[in-house]
Amino acid sequence: MKKIILTSLTIFSISFGVIAQDITLPAPDKKGGKTLMQALSERQTTRSFTDETLSQQQLSDLLWAACGINRADQKKRTAPSAMNYQEIDVYVAMQSGLYLYIVENHSLKLIAGKDLRKTTGTQSYVNNAALNLVYVADMGKAGKKEGVKVNDSDLFMSYSDAAFIAQNVYLYCASANLGCVVRGSIPKEKLAVEMGLKSNQYIILAQTVGFAKK
Ligand SMILES: Cc1cc2nc3c(=O)[nH]c(=O)nc-3n(C[C@H](O)[C@H](O)[C@H](O)COP(=O)(O)O)c2cc1C
């Protein structure tokens, strides 16, 4: 009986997309897209989105463009990072849940199986766009353990590091005909609680990505 109930639950969950789990991303397509000059010409902010979701390939390409590894021998990335601390973690809030981009194996680790898109911002477009990226500085990676005071000057580099990632995302979106907006409007305290962040993890910026409403 227990087995029947469990099997039925599994079928129900898969059919209705209830079960959220880690996502293994396909390899990024590094040959696609527009030229750099075309992407720069078309880079712009979008604030009106449809609720269409990104394909796994688009998600893969987006995250690799953001801060994926581009020199495997040195574990270095598409975005520069002060002191090469690589302290900016990229979280992805989608309808299916909140994920952490694991750069090392280009995958998404499930953090919470709930839709936190609404909590990532204060503007209504965050609710239905395909996803919201949240850039979080893990100051532990910059030598600041929990309990150690972190000053604004400590975070200065993290704001710069996150901005480079955000610009990569802007350019990828322009190249892939997606819309995006980088955001400082974030209810940081509430979101940090929902994300389960530690005291030395700081939300820096967010970026909404999706299909622009025509
Ligand atoms: C650091 C930063 C924070 C921003 N915060 C927001 C925001 O919270 N909400 C928003 O709608 N746009 C935000 N923007 C987008 C700007 O308003 C936008 O880049 C500007 O209007 C210029 O438009 P463009 O990106 O199309 O050139 C932000 C941009 C930057 C660089």
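Here a trainee and a mentor talk through the ligand site and pockets of this predicted model.

Trainee: Which residues count as being around the ligand, and what makes them count?
Mentor: They are R43, Q44, T45, R47, Q123, Y125, Y170, V181, V182, R183, G184 and S185. A residue gets in if one of its heavy atoms lies within 4 Å of the ligand.

Trainee: Why is the pairing of R47 with the ligand called a polar contact?
Mentor: A polar side-chain atom of R47 sits 2.6 Å from a ligand oxygen. The cut-off for N or O pairs is 3.5 Å, so that pair qualifies. S185 does too, because its polar side-chain atom is 2.7 Å from an oxygen atom of the ligand.

Trainee: And what about G184?
Mentor: There a polar backbone atom is 2.9 Å from a nitrogen atom of the ligand, so this one is also within 3.5 Å. Overall, the protein buries 52% of the 620 Å² that the ligand exposes when taken alone.

Trainee: Which strand gives the most to that shell?
Mentor: Strand β8, residues 179-183, with 3 residues.

Trainee: What makes G184 polar in the class count of the shell?
Mentor: Gly is put with the polar residues by definition, so G184 goes there. The shell has 4 nonpolar, 5 polar and 3 charged residues.

Trainee: How do you know what lines the largest pocket?
Mentor: Lining residues have an atom within 4 Å of a pocket grid point. That gives 19 residues, with G32, G33, A65, Y172 and S175 nearest the centre. Elements giving two or more residues are α2 (36-42), α3 (56-67) and α4 (152-175).

Technical notes: Residues numbered from 1 in each chain as written. Predicted model: local features only at pLDDT ≥ 70, side-chain atom pairs only at ≥ 80, totals over all residues. Heavy atoms only, no water. Polar contact = N/O pair within 3.5 Å; in protein donor to acceptor, adjacent residues only side chain to side chain. Areas by Shrake-Rupley, 256 points an atom, 1.4 Å probe, with all protein chains shown as cover. Helix = DSSP H or I, 4+ residues; strand = E, 2+ residues; numbered from the N terminus. 1 Å grid on protein atoms, 1.4 Å probe; cavity = no way out; pocket = protein on both sides within 12 Å on 5 of 7 lines; lining within 4 Å.
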